[in-house]
Structure formats: structure tokens, C-alpha cells
Amino acid sequence: MSLLKRLERKQDKSARPERRKESTNASQQSKLQDLRVKRSSPTSASRDAYVDLKTRIQQRLIIELDPTMDVTETAKMKSTIRELFEAMLVEEQIVLTRSEKDKLFDQIVAEILGFGPIEQFLNSGVGEIMVNGPKHIFVEHGGKIVRANVEFEDNDHVMRIIDRIVAPLGRRIDESSPMVDARLPDGSRVNAIIPPLALNGPTLTIRVFSRKPITMENLIEWGSITPESAEFLKAIVQAKANVVVAGGTGSGKTTLLNILSGFIPEGDRVITIENAAELQLHQEHVVTLESRPPNVEGRGEVSIRDLVVNSLRMRPDRIVVGECRSGEALDMLQAMNTGHEGSMTTAHANTPRDTLSRIETMCLMAGMDLPVRAIREQIAAAVDFVVQQSRMRDGSRKVISISEIQGMEGDVITMSEIFRFEQTGMENGKVIGRLRPTGLRPKFMGQIQEAGIMLPPSVFGIGNRGR
């Protein structure tokens, strides 16, 4: 039976009077004509007419689609939806221009297979999508936050999209558990919080993962880092330095950690541990672990700390923790000090010195009654380098410091800056500056040379004669 015949047969089963059908068609034609006339300056009435048309066709499509179809076969699903869509327009005598038809089809596909109004931003190069309730959507592009010219229909519409994101991951969000961390299939990080905690309505924040992996060459091209400092970072990773990447929210910590993890040699067994898996390592021997929130009964939670402890029994060469937020910092330090050199993590902090203080505070959160000096000795022995990332005034993200942990002097952890960002001014709203070597040669040079890596003295801004 042809597609159009199936649609007509379904229409007959509904037993709607012909006069009502004609009235409905006439009403739709009128609404559509009204929408065309006011397209240049849309009003609330024209938007309502368009939404009504889209919703009605979308609902009919959902009813008509075979529920046994594999939704992962996107191309086949789109083709099927296109056939049904075209048949419905013919059946209901809805006349649309090519652009109107394509726009309507794309939006309906986004609702059925994708993430509704925000689907278009997932492949458009934006860095962040922020949904502050159904009517206020913002995106970050080029480091600047701007309001998007799209909206959800209502709170329920936003909730449907959030459920579509979290359900495949076995996560849930409701009044008893109104916050959730999740990820999209491409690795983009998602956070959602709903009423009664979010007073503006369901709030959704998506850190969009670039479909094209960002490389160190990209960072050099964008001015985020210099070739000399990039060469140095590659060397310390290969020489098994323990590295903490620090910075504020949205400063690019995870991106840099992902790039640094890519320098790990193929022969090493790497275990990554995250709340929502974002890191994408391309080495062959990688084990990816993800924490789990408690279930409805409040049981079954597996924290980052639990995973760090368990990973020590998995014979790792290196452990990469997406972010240390609390007591897992102490277990991470223990791992770095017990034969797992070359491990890496990130932390929220504004300066390298603040990073050490924050790690100290997180260790105290582990609940161990340890003296502060003992914790500082652990930090000084475990951490080799702190790489400080920052988001500048113009929205650009730059590495502003690479500091080496030297050891302890009394009760103070000593550190020396190997590279420091020097801002020379502003030009056309852009920060002008460069990450320059301080002229100090790191103590870690011995391990770098033992790994068979030779760095020229020019990397550190010193002549061939040394310091």
C-alpha cells in the first residue's frame, strides 16, 4: 500500500466530517498566508500559527512512524520522515515555498531525532549553549555570549529535551533529583537543573564538544600558546611528569588536558576517570570510567574517589582524572607518589599558588585527620607542574603560566615559573601578548633527558652556554 493511501486510510478511520476537514485546511491556509505576510516582522499571532502547524504535523508524524525503526540509523529515519512529511502536505493541501518547507522539515526532524531548537547550534561552532528557561537561550561564540533567536514552546518542551539527553545514560531528573550531569553522544558535557531549584524554569547548560578535535597546532595558531611552550609541555608529558591543569570555569582546562593526554605514548595503559566522560584519547590502551549518581532509593552511588581507588587495582601506567573537586585529590596524590608517574588532572583555581592551596583544601575534605605539613609534603612530592589556563577579557583562552613545583622550604611549597604570559596591550578589543620563558631551566630537565628528549636551550630563553 502506498504511503499516501496509508495516510488517507488513517484519515478515514478518524471519521472526521469532510466539512470540518475543509474548514481546518482553510484555517491552516489562512494562518500560513498570515505568516508569510508578516514574515519580515513576525508577531505573536504569526509565531503561534507557525508553531501550531509544526506541532500538528509533528504529532501526526510520530503516530505514523514505525516504532520498531532503529533511530540510530539517522539517514534512513530522515528519508522516512521526508516521505511522510511530503505526503501530509499534499493530503492537507498545505502550500509552502521551498525555503518554508525546508525550514519546517528541519525543525520537525530536530524535534523527533535531535534536541529541538538547540539542535542547530551543536554543529555551528558555538562553545556553549545556555537555556535559561524556555524563552531565553544564549550561546557563546568566539568567547562572547549572545542571545539566540530561538525559543522552546514551554517548560514541558525543555523537559522533554532534557529527558531525551539523560535517559539513554541511565540518569534521571525529577523533583526528587532536580540536578543532573550528563553528556551528549558526541561527548559534549551537559548540566541540567529544574524547578523547584531553578526559578526561571528548566535550565540547561551544554559545553559543546568540537566535532573536529582541537590540537596543539590549533592552540598555537589561535595564540593560546607558543611553539616553545608547546614543545616543553609535550616533553614533560612524555617524560612522565605529574601535571595539574588549573583555571576558572570555561577557561579551556578540559580541552588542554585532552591535548596533553594525546602526547602519552601508545605503550602506556591509561585510565581516565570523569563525572561525565568528555576526554577522547586516541591511544589503543585506554580504559574510560565514569562516576554514577545514587538511585531513587539513594543507593548505588559511585564517586570519583571510589573510581580513583579502584583504578589502582587495574594496573594503570597513568591515571587521568577529568577534575578533582573534593577528597579524591588525596587519592590522586597517593597514586602520583606510588608508581603512577605521568598522571594528570584539572582543578579550579585562579593562579598556580591558589592551585596548591585548593589541592590542600580538597585533601582536607577527604576526612583524614592529617597535619597541614604532611599534606603539603605530599603535594610537593607528587605534583611536578601546574599549567595555568585563563579566559582573557576578549574571550580568548590562553595558557598564562607554566610553573614547576620545586619542593619544600620550611612549611611552604616552593615553585618557579618557567613560562609567564606578558600582556603588551589591547588592539581592536583583542588582548595582545605572548607566553614568554622566564630564563629558568626546570629541575625536571634530568628526567626529560633520561627519556631521550633533547630540548634546545632556546626553549627556555637562554643561550647555548646555559644560564
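This report describes selected local features of a predicted model, from a buried arginine to a pair of crossing helices.

## Arg 318 in strand β10

Arg 318 belongs to strand β10, which covers residues 318-321, and with a relative accessible area of 0% this arginine is buried. Its side chain nevertheless has polar partners: a polar atom of that side chain lies 2.8 Å from the backbone oxygen of Val 237, and a polar contact of 2.9 Å connects the side chain of Arg 318 to that of Asp 268.

When neighbours within four places in sequence are left aside, the residues in contact with Arg 318 include Val 237, Gln 238 and Lys 240. They also include Ile 264, Pro 265, Asp 268, Arg 269, Val 270 and Ile 271, and, further along the chain, Glu 341, Gly 342 and Ser 343.

## Helix α11 and its surroundings

Helix α11, made of residues 328-337, is mostly covered, since 8 of its 10 residues are classed as buried. The buried residues are Glu 328, Ala 329, Leu 330, Asp 331, Met 332, Leu 333, Ala 335 and Met 336, a list in which the acidic residues Glu 328 and Asp 331 appear beside Ala, Leu and Met.

These buried residues pack against three helices, namely α10 (304-311), α12 (352-364) and α13 (372-382), and against the strands β10 and β11 (344-348). Strand β10 is also the place of Arg 318. After α11 comes Gly 339, which has a positive phi near 90°.

## Salt bridges

The structure holds 18 salt bridges, of which a few are described here. Side chains of opposite charge can pair when their charged atoms come close. In one of these bridges the side chains of Arg 315 and Asp 317 meet with an N to O distance of 2.8 Å, and the two partners differ in their surroundings: Arg 315 is exposed, having a relative accessible area of 55%, whereas Asp 317 counts as buried at 17% relative accessibility.

Asp 411 forms a salt bridge with Arg 373, and the closest N and O atoms are 2.6 Å apart. This pair links distant parts of the chain, with Asp 411 in the loop between β13 and β14 (412-427) and Arg 373 in helix α13, 38 residues apart. Asp 411 is partly exposed, with a relative accessible area of 44%, and Arg 373 also counts as partly exposed, at 38% relative accessibility. A further bridge joins Arg 420 to Glu 417, where the closest N and O atoms are again 2.6 Å apart; Arg 420 counts as partly exposed at 39% relative accessibility, and Glu 417 is partly exposed with a relative accessible area of 23%. Beyond such pairs, Glu 140, Arg 391 and Arg 397 are linked in a network of salt bridges.

## Arg 393 in an exposed loop position

Arg 393 sits in the loop between β12 (385-391) and β13 (397-409), and at 76% relative accessibility this residue counts as exposed. Once neighbours within four places in sequence are left aside, Arg 393 is in contact with Lys 144 and Val 431. The C-alpha atom of Arg 393 is separated by 8.1 Å from that of Lys 430, although the two residues are 37 residues apart along the chain.

## Cysteines without a disulfide

The structure holds 0 disulfides. Cys 324 takes part in none, and the nearest cysteine sulfur, which belongs to Cys 363, is 8.5 Å away. Seen from the other side, the sulfur of Cys 363 has its closest cysteine sulfur in Cys 324, and because 8.5 Å lies between them they are too far apart for a bond. Both residues are nonetheless buried, Cys 324 with a relative accessible area of 4% and Cys 363 at 1% relative accessibility.

## Packing of helices α5 and α6

Two packed helices are described by the angle between their axes and the distance between the axes. Helix α5 (residues 98-113) and helix α6 (residues 155-166) have axes that come within 10 Å and cross at roughly 55°, which means that α5 is oblique to α6. On the α5 side the contact is made by Ala 110, Glu 111, Ile 112 and Leu 113, and on the α6 side by His 157, Ile 161 and Arg 164.

How values were computed. Residues are numbered from 1 along each chain as its sequence is written. This is a predicted model: local features need pLDDT of at least 70, side-chain atom pairs count only at pLDDT 80 or more; totals for chains, interfaces and linings use all residues. Side-chain values use heavy atoms; hydrogens and water are left out. Helices (H or I, at least four residues) and strands (E, at least two) are DSSP runs, numbered from the N terminus. Buried means under 20% relative accessible area, exposed over 50%, partly exposed in between (1.4 Å probe, protein chains only). A polar contact is a pair of N or O atoms within 3.5 Å; within protein, one must be able to donate a hydrogen and the other to accept it, and residues adjacent in sequence count only if both atoms are side-chain atoms. Contact means heavy atoms within 4.5 Å. A salt bridge is a side-chain nitrogen of Lys or Arg within 4 Å of a carboxyl oxygen of Asp or Glu. A disulfide is a pair of cysteine sulfur atoms within 2.5 Å. Axes are lines fitted to C-alpha atoms, for helices over the stretch in contact, and angles run from 0 to 180 degrees between N-to-C directions. Angles under 35 degrees count as roughly parallel, over 145 as roughly antiparallel, 65 to 115 as roughly perpendicular and the rest as oblique.
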